[in-house]
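Hi,

Here is the structure I promised to pass on. Have a look at it first, and my notes follow below.

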Amino acid sequence: MAGGSEFDPALVFSHKFPETTYSYTERDAALYALGVGACAWDAVDADELKYVYHKDGQKYLKVLPTFAALFSLGTVSDAGLPGLQYDPRLLLHGQQYIELYKPFPSSGHILNKPSLAGLHDKGNAAILEIETKSYDKESGDLLCMNRMTAFLRGAGGFSTSSNRFSYSNYPANQVSVVKFPETQPFSVFEDRTNPSQALLYRLSGDYNPLHSDPMIAKVAGFSQPILHGLCTLGFAVRAIIKCICGGDSERIKSIAGRFLLHVYPGETLYTEMWLEGLRVLYRTKVKERKRTVLSGYVDLNGLTPSL
Ligand SMILES: CCCCCCC[C@@H](O)CC(=O)SCCNC(=O)CCNC(=O)[C@H](O)C(C)(C)COP(=O)(O)OP(=O)(O)OC[C@H]1O[C@@H](n2cnc3c(N)ncnc32)[C@H](O)[C@@H]1OP(=O)(O)O
C-alpha cells in the first residue's frame, strides 16, 4: 500500500496528463442511458424514450447530461500517477462536478484536456482531483468540464499531521457537503436499480473490477461488487430532469455530487429534491438501508423551471 515516502510533489505537479480522444455513437449514448436506469420501469409512456430511440421520428437521439462524465474516464491509469503511488483496488470515487456548456451531439469525437485540479493529504487517505475540459473535435467547441475526485484509501500520510498538504486550483467547497433545509422536499423520486445494474453500466467504459468481481470487492472491503458512483449520479440527475425540469435535460447547467456511501446493485434509490431559485439541492438514499449515499446540487440554466 502506498504511503508518505512515495509522494514526490515535484513529479506530481510536473506531470503532463496526455490528451485523449473519446469517440461515441448513438449506440453508446443509448447504452449509457439504459445503464443509468432510463426507461427501465415505465418505457411505454416514458419521456425518456428519446435517449434510446428515435421517438416520433426525431432525427437524433438525445444525450443525457451526465454522459459528460464518461469523457474523462481513463485520465489516470491503474499504474497511478508519477510521484503518487496508490493501490487502485482501494480507490473510491469521492466527488464529481460537471459544467455543461452545450448540448452533446448524438455521436462524435471528443478531445479531452486533463490537468491536476487538487491534491490533499487526509491522513489515512489522499484525495486527487482531475479537471478535464472536453471539446467537440469537429467544431472545436468547448462542450463541458468535469472535475473528478478520487478518494485514495491508504495513500495519505505524506505530509506532517500538523501541516497537512492541501492544494486546489479552484475555490474551496465547490461540491463539498450540502446543507439541506428543514422543510419537506419539493419532490421525491424512487427508482430501483437492477441486480445486474453495474454489469450493464460498466459497458459504458468503466471496467473497474470493483463493480463486477466479488474477490476484488472483498479486497476493497465490500461484501459484494458495488455500483459505480457515476451510475448512482446518473439515476439522481434523471430524477431531477423528470421531477423538476419537465423532462427537458437541456435545463441542466452544472452538476455537483459527493458519494457518501456505496450502493449495492439491486437496491432502491430514493432521491429527495429541494428548489432554491435555480439551484436544486438533492439527496439520494438507499431505501433498504435508510442511508444517504449521494448528496449535492444541480444548477439550472436561466429558464424558469416548469413546476
Ligand atoms: C481521478 C478520478 C477517478 C475516479 C474514477 C472512479 C472509478 C470508479 O470505478 C470507482 C467508483 O465508482 S467507487 C463507488 C462510488 N463511491 C463510493 O461508493 C464511495 C462512498 N463514500 C465513502 O465510502 C466514504 O465517504 C469515504 C470512504 C469516501 C470517506 O469516508 P471516511 O473515510 O469516513 O472519511 P471521513 O472521515 O468522513 O472524511 C475524511 C476527510 O475526507 C473528506 N471526504 C470524505 N468523503 C469524501 C468524498 N466522498 N469526497 C471527497 N472528500 C471526502 C472529508 O471532508 C474529510 O476531510 P476533512 O477532514 O478535511 O473534513
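Let me start with the cysteines. I counted a disulfide wherever a pair of cysteine sulfur atoms lies within 2.5 Å. By that rule there are zero disulfides. As a reminder, a disulfide is a covalent bond between the sulfur atoms of two cysteines.

Before the details, two notes on the source. This is a predicted model, so local features need pLDDT of at least 70 and side-chain atom pairs count only at pLDDT 80 or more, while totals for chains, interfaces and linings use all residues. Residues are numbered from 1 along each chain as its sequence is written, and side-chain values use heavy atoms, with hydrogens and water left out.

Back to the cysteines: why is C144 not bonded to C245? The C245 sulfur is the closest cysteine sulfur to that of C144, but at 18 Å it is too far for a bond. C231 has a similar story: its closest cysteine sulfur is in C39, 15 Å away and too far for a bond. For burial I use relative accessible area: buried is under 20%, exposed is over 50%, and partly exposed is in between (1.4 Å probe, protein chains only). C144 is buried at 0%, and C231 is buried at 0% too. C39 is buried with a relative accessible area of 11%.

C39 has another feature. Its phi is near 60°, a positive value in a residue other than glycine. Most residues other than glycine have a negative phi. C39 lies in the loop between helix 2 (26-35) and helix 3; helices here are DSSP runs of H or I with at least four residues, strands are runs of E with at least two, and both are numbered from the N terminus. K290 also has a positive phi, near 50°. K290 is found in the loop between strand 10 (279-286) and strand 11 (291-300), and unlike the buried C39, K290 is exposed, at 71% relative accessibility.

Now the ligand. Which residues are closest to it? They are K122, D206, H211, G229 and F259, out of 23 that surround the ligand (a residue counts as near if one of its heavy atoms lies within 4 Å). That shell divides into twelve nonpolar, eight polar and three charged residues. For those classes, Ala, Val, Leu, Ile, Met, Phe, Trp, Tyr, Cys and Pro count as nonpolar, Asp, Glu, Lys and Arg as charged, and the others, Gly among them, as polar. Strand 2 (91-100), strand 4 (125-136), strand 5 (142-153) and strand 8 (252-259) each supply at least two shell residues. Strand 2 gives the largest share, five residues.

Some polar contacts to the ligand are worth a look (a polar contact is a pair of N or O atoms within 3.5 Å; within protein, one must be able to donate a hydrogen and the other to accept it, and residues adjacent in sequence count only if both atoms are side-chain atoms):

- H211 puts a polar side-chain atom 2.7 Å from a ligand oxygen.
- G229 has a polar backbone atom 3.0 Å from an oxygen atom of the ligand.
- G94 has a backbone N or O atom 3.0 Å from a ligand nitrogen.

On its own the ligand has 1,200 Å² of accessible area, and the protein covers 69% of it (Shrake-Rupley method, 1.4 Å probe; for residues, only the protein chains shown count as cover).

A few spots around helix 3 (68-71) and strand 1 (20-24) come next. F71 sits in helix 3 and is buried, with a relative accessible area of 1%. F71 and Y22 are 49 residues apart in sequence, yet their C-alpha atoms are 6.0 Å apart. S72 lies in the loop between helix 3 and strand 2 and is buried at 1%; its side chain reaches the backbone oxygen of A69 at 3.3 Å. S23, in strand 1, is partly exposed at 42%. Its C-alpha atom is 5.7 Å from that of G108, 85 residues away along the chain.

Finally, the record. An unreviewed UniProt entry lists residues 189-292 as "domain: MaoC-like"; positions follow the numbering used here, feature names are shortened, and annotations may be inferred rather than shown by experiment. Over that stretch the chain is 25% helix and 30% strand, with the end C-alpha atoms 14 Å apart.

Cheers
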